[in-house]
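Got the viewer open and a selection box ready? Let's walk through this one stop by stop.

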Amino acid sequence: MKLLELSIWEDGYTMPCVCYYDSATDTYELVDGYHRYMVMRTSKRVREREQGLLPVTVIDKDISNRIASTIRHNRARGTHSVELMSNIVAELCRSDMSDAWIMKNIGMDRDELLRLKQITGLADLFANAEFSMSDEWEDE
């Protein structure tokens, strides 16, 4: 956090935070940029210089697409964890998102999706899957 605070102090906010506007509660939900937001909240010098204003981009997406946005941002930066990704894949599967949707929107291939499903150990993630013999299978 100290390095991020120094980076923002020296270079400014070089990337906006990403938010979703919830009209039901008239609030903005942070999708990406939590640590940048925390620098604004905790660094007096940054907050004063920026006059308490934080650059944001507002997206209008449902929860599954907001999850996908967060993952894309984290993967692009190389900051994603296997355990967190496994849990998110499980949640997307439970939300009836197809494998094709997950692969396209999260940016992963079929093998990675399969491994993440296997890590969760939940049989229900494979409930709607079609299985076939491997291309390498040969009759003996």
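In which helix is N105 found? Select N105 and you land in helix α6. (Helices here are DSSP runs of H or I with at least four residues, strands are runs of E with at least two, and both are numbered from the N terminus.) N105 is buried, with a relative accessible area of 14%. Buried means under 20% relative accessible area, exposed means over 50%, and partly exposed is in between, with a 1.4 Å probe and protein chains only. Show its surroundings, and not counting residues up to four places away in sequence, N105 touches N65, A68 and R72; contact means heavy atoms within 4.5 Å.

Before moving on, some ground rules. This is a predicted model, where local features need pLDDT of at least 70 and side-chain atom pairs count only at pLDDT 80 or more, while totals for chains, interfaces and linings use all residues. Residues are numbered from 1 along each chain as its sequence is written, and side-chain values use heavy atoms, with hydrogens and water left out.

**Zoom out**

Switch to cartoon and colour by secondary structure. You should find 7 helices and 3 strands, and walking along the sequence gives α-β-β-α-α-β-α-α-α-α. Of the 140 residues in the chain, 30% are buried. If you plot a contact map, take the contacts between residues at least 6 apart in sequence: 59% of them join residues at least 24 apart.

**Back to α6, now with α7**

Select 99-106 for α6 and 110-120 for α7. The two helices pack at an angle of about 110°, with their axes 10 Å apart. Axes are lines fitted to C-alpha atoms, for helices over the stretch in contact, and angles run from 0 to 180 degrees between N-to-C directions. That makes α6 roughly perpendicular to α7, a label for angles of 65 to 115 degrees (under 35 is roughly parallel, over 145 roughly antiparallel, the rest oblique). Show sticks for D99, I102 and M103 on α6, and for R110, L113 and K117 on α7, since these residues make the contact. By class, the contact has 3 nonpolar, no polar and 3 charged residues. Here Ala, Val, Leu, Ile, Met, Phe, Trp, Tyr, Cys and Pro count as nonpolar, Asp, Glu, Lys and Arg as charged, and the others, Gly among them, as polar.

**Into the core**

Keep I102 selected and expand. Leaving aside neighbours within four places in sequence, I102 is in contact with V89, L92, C93, M97, G107, M108 and L113. I102 also belongs to the largest nonpolar core, which has 15 residues; L92, I102, I106 and M108 have the most contacts inside it. (A nonpolar core is a set of buried Ala, Val, Leu, Ile, Met, Phe, Trp, Tyr and Cys residues joined through side-chain atoms within 4.5 Å.) Colour α4 (63-77), α5 (82-94), α6 and α7: each supplies at least two residues of this core. The biggest contributor is α5, with 5 residues. Apart from this core lies another, of 5 residues, among them I8, Y13, V39 and V46.

**Over to the sheet**

Next, select the strands. The 3 strands form an open sheet in the order β2-β1-β3, with mixed pairing. Two strands pair if DSSP finds at least two bridges between them. At the edges stand β2 (27-32) and β3 (56-59), each with a single partner strand, so one side of each is left without a neighbour in the sheet. From one strand to the next, the twist averages 40°.

Put C19 at the centre of the view. On one side, C19 stands opposite L30 in β2; in β3, its bridge partner is V58. The β1-β2 pair runs antiparallel and is joined by 5 bridges, whereas β1 (17-22) and β3 run parallel, with 4 bridges. Now follow the hairpin of β1 and β2, with 4 residues between the strands, and check D26: its phi is positive, near 55°.

**Last stop: P55**

Finally, select P55, in the loop between α3 (44-49) and β3. P55 is partly exposed, with a relative accessible area of 30%. Draw a C-alpha to C-alpha distance from P55 to Y13 and you get 7.3 Å, for residues 42 apart in sequence. Setting aside neighbours within four places in sequence, P55 is in contact with Y13, P16 and C17.
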